[in-house]
Amino acid sequence: MPTSPKLSASLDQGGAPTHALGDVAASDSTLRRFLHGLPGVDAVGLEARAASLGTRSIKTTAKAYAIDLAISMVDLTTLEGADTPGKVRALGAKAVHPDPTDRTTPTTAAVCVYPDMVATAKEAVAGSGVKVASVATAFPAGRAALEVKLADVRDAIAAGADEIDMVIDRGAFLAGKYMKVYDEITAVKETCGTSARLKVIFETGELSTYDNIRRASWLGMLAGADFIKTSTGKVAVNATPANTLLMLEAVRDFRAQTGIQIGVKPAGGIRTTKDAVKFLVLVNETAGEDWLDNHWFRFGASSLLNDLLMQRQKLATGRYSGPDYVTVD
């Protein structure tokens with residue numbers, strides 16, 4: 001995989017990001033002026049480009065590389081009320097050895113769990129290099145007092161979380177309270193400190209318009225996000241090629257202006273190897289090779305892993321084993 005610079009936003013002592021666009025959030029009015037001054041999104045053009053890139057085909061050798069790359073980018077996730085320590089340990093074992101019959105299979109990037117399961121997940125992946133991510137900040141609705149959200153983050157980090165996936169308050173964003181959303185992100189980023197990378201989830205399916213997704217992307221990056229993420233996977237519309245393309249354009253343009261590289265994580269609805277390859281093409285053709293690494297791009301799609309493993313087995317053996325030959329999450 002190509003090596004890319006490990007850049008991230010720095011924070012001043014008050015928790016505010018320091019970069020070339022730092023003064024944009026000096027006040028509510030300057031932040032609003034910047035976000036509403038972003039170019040409007042040509043929805044037809046965006047969807048046409050996403051569809052066009054999705055038709056690209058790749059040869060067998062490139063497909064083998066793409067499958068392994070996609071496996072290495074998966075955040076293997078369980079976020080259910082019925083999660084048990086046993087289920088999380090099994091998930092961790094699968095993250096470390098996705099295909100126990102073939103130890104050349106890459107590990108996944110991370111396992112993602114609720115804060116109360118972080119310690120269990122940490123034990124399950126110990127020594128493997130697999131990260132433990134935890135959803136926090138009143139996931140998935142994001143409707144709680146800031147003090148409660150920060151306590152959620154502190155609990156997850158204390159238990160050993162390497163990454164925090166926070167949700168923005170979509171109600172505040174849609175009401176135009178951009179500074180409130182900005183301040184919450186910076187507060188969570190400050191709480192993460194150097195202990196955990198921060199992924200900011202927009203729930204794109206609830207933002208209604210591409211213009212709002214573009215504004216949310218820039219808002220999250222301005223506030224210090226290490227990753228911007230499409231969705232929680234808990235609503236009807238999650239990651240799509242078009243909304244992911246829009247976010248990839250945002251991180252590309254943000255790096256061009258600030259020198260800071262931000263990751264992207266589409267989540268929800270990505271289920272097949274064909275889907276994953278389409279998204280990797282989007283990354284390569286939009287943001288570039290620097291993002292073709294699990295430090296900068298992730299899939300929040302646990303069911304995807306099983307299909308990737310089946311297609312990997314087929315390439316290796318010439319036979320399609322079927323779903324009974326991989327573990328079911």
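Two strands are said to pair if DSSP finds at least two bridges between them. The structure described here is a predicted model, and this criterion serves as the way into it. Three bridges join strand 7 to strand 8 (residues 227–229), and these two strands run parallel. One position of this pairing is K199, which stands opposite F227 in strand 8. Between the two strands, the chain passes from strand 7 through helix 9 (residues 210–222) to strand 8, a β-α-β crossover that is right-handed.

Strand 7 also has a partner in strand 6 (residues 163–167), to which it is joined by five bridges, again in a parallel arrangement. Here D165 is the residue that stands opposite K199. Strand 7 itself, residues 197–201, is mostly covered, with five of its five residues buried. In a regular strand the side chains alternate between the two faces of the sheet. In strand 7, R197, K199 and I201 lie on one side and L198 and V200 on the other, and both faces are covered.

Within this strand, R197 merits a closer look. Is R197 buried or exposed? Because buried means under 20% relative accessible area, R197, with a relative accessible area of 18%, counts as buried. Its surroundings can be named: leaving aside neighbours within four places in sequence, R197 is in contact with D162, E163, I164, D226, F227, H295, W296 and R298. With H295 there is a polar approach, the backbone oxygen of H295 lying 2.9 Å from a polar atom of the side chain of R197. By contrast with these contacts, V251 is 54 residues from R197 in sequence and 16 Å from it in space, C-alpha to C-alpha.

The loop between strand 8 and helix 10 (241–258) contains G233. At 40% relative accessibility, G233 counts as partly exposed. Residues up to four places away in sequence being set aside, G233 touches E203, N238 and G268. Y65 is 168 residues from G233 in sequence, and their C-alpha atoms are 27 Å apart in space.

A further set of strands can be followed through strand 4 (residues 110–113). From this strand A110 and C112 point one way, V111 and V113 point the other way, and all are buried. Strand 3 (residues 75–77) is joined to strand 4 by three bridges, and the two run parallel; D75 has A110 as its bridge partner. The chain crosses from strand 3 to strand 4 through helix 4 (residues 85–96), in a right-handed β-α-β crossover. Strand 4 in turn pairs with strand 5 (residues 131–136) in the parallel sense over four bridges, and A110 stands opposite K131 in strand 5. The connection from strand 4 to strand 5 runs through helix 5 (residues 118–124), and this β-α-β crossover is right-handed.

Attention now turns to the helices and the nonpolar interior. In helix 1 (residues 28–36), L31, F34 and L35 are buried. Seen down the axis of helix 1, the buried residues fall within an arc of 95°, so they line one face of the helix. What covers them includes helix 8 (178–192) and helix 9. Which residues touch the most other members of the largest nonpolar core? Of the 95 residues in that core, they are L31, I164, W218 and F299. For L31, the contacts beyond four places in sequence are V24, A25, Y178, M179, Y182, L219 and L222. A second, separate core comprises seven residues, including L79, C112, V135 and V167.

The last part of the account concerns helix 11 (residues 273–286) and helix 12 (residues 302–317), in which T273 and S302 lie respectively. T273 is buried, with a relative accessible area of 4%. Apart from its neighbours within four places in sequence, T273 is in contact with K63, I67, L304, D307, L308 and Q311. Of these contacts, D307 is found in helix 12 and counts as buried at 15% relative accessibility. D307 and K274 are 33 residues apart in sequence, with 9.3 Å between their C-alpha atoms. S302 is likewise buried, with a relative accessible area of 14%. A polar atom of the side chain of S302 lies 2.5 Å from the backbone nitrogen of T77.

Technical notes:
Residues are numbered from 1 along each chain as its sequence is written. This is a predicted model: local features need pLDDT of at least 70, side-chain atom pairs count only at pLDDT 80 or more; totals for chains, interfaces and linings use all residues. Side-chain values use heavy atoms; hydrogens and water are left out. Buried means under 20% relative accessible area, exposed over 50%, partly exposed in between (1.4 Å probe, protein chains only). A crossover is right-handed if, with the strands pointing away from the viewer, the path from the first strand over the helix to the second runs clockwise. The arc is that of the directions from the helix axis to the C-beta atoms. Contact means heavy atoms within 4.5 Å. A nonpolar core is a set of buried Ala, Val, Leu, Ile, Met, Phe, Trp, Tyr and Cys residues joined through side-chain atoms within 4.5 Å. A polar contact is a pair of N or O atoms within 3.5 Å; within protein, one must be able to donate a hydrogen and the other to accept it, and residues adjacent in sequence count only if both atoms are side-chain atoms.
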